[in-house]
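User: Hi! Could you walk me through the helices and charged side chains of this model?

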Amino acid sequence: ALGNLKLVTSITDTMAQALLQYGYTNFQQVAQAEVDDLRQVPGMEEVERAEKIIQDCKNLVKQYEAEGK
C-alpha cells in the first residue's frame, strides 16, 4: 500500500505512513478525501498542502484511467 501512495510525488515516506495510519491505503482514496479530513493527518494540517495532495492524487487517477490501468 505504501508503494501506491508513493506514486504521488507530493507524498513523502513520512506522509505515506501517516496516511496509512489514518486508513488511506491508496492514492485513489486520498483523491476522494475532503480537505478537512486530510488535515487531520499529521504533516497535512495546512490547507494548501492538503489541497495539493488531493489534487495530485486526482491527477494521478485521471492519468491511470487515461492509460487504462
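Here are some questions and answers on this structure.

Analyst: Happy to help! This is a predicted model, in which local features need pLDDT of at least 70, side-chain atom pairs count only at pLDDT 80 or more, and totals for chains, interfaces and linings use all residues. Residues are numbered from 1 along each chain as its sequence is written, and side-chain values use heavy atoms, with hydrogens and water left out.

User: Which residues of helix α2 are buried, and how wide is the arc that they cover?

Analyst: Helix α2 spans residues 13–21; helices are DSSP runs of H or I with at least four residues, numbered from the N terminus. Buried means under 20% relative accessible area, exposed over 50% and partly exposed in between, with a 1.4 Å probe and protein chains only. The buried residues of α2 are Met-15, Ala-16, Ala-18 and Leu-19. They sit on the same side of α2 because their arc, taken from the directions from the helix axis to the C-beta atoms, is only 165 degrees.

User: Which exposed residues does the face of α2 turned away from its buried side carry?

Analyst: An α-helix has 3.6 residues a turn, so residues three or four places apart point the same way. On the face of α2 turned away from the buried side, the exposed residues are Thr-14 and Gln-21.

User: Which residue partners Asp-13 in a salt bridge, and how far apart are the closest N and O atoms?

Analyst: A salt bridge here is a side-chain nitrogen of Lys or Arg within 4 Å of a carboxyl oxygen of Asp or Glu. Asp-13 lies in helix α2 and is partly exposed, at 48% relative accessibility. Its partner is Lys-6, partly exposed at 34%. The closest N and O atoms of Asp-13 and Lys-6 are 3.4 Å apart.

User: What separates Asp-56 from Lys-52 along helix α5, and what is their N to O distance?

Analyst: Asp-56 and Lys-52 are four residues apart in helix α5, so about one helical turn separates them. Asp-56 is buried at 17% relative accessibility, whereas Lys-52 is partly exposed at 47%. Their side chains meet in a salt bridge with an N to O distance of 3.0 Å.

User: Which residues form the salt bridge of Asp-36, and how many salt bridges are counted?

Analyst: Asp-36 is exposed, at 51% relative accessibility, and pairs with Arg-39, the closest N and O atoms being 3.7 Å apart. Arg-39 is partly exposed at 31%. By the salt-bridge rule the count comes to three.

Technical notes. Helix = DSSP H or I, 4+ residues; strand = E, 2+ residues; numbered from the N terminus.
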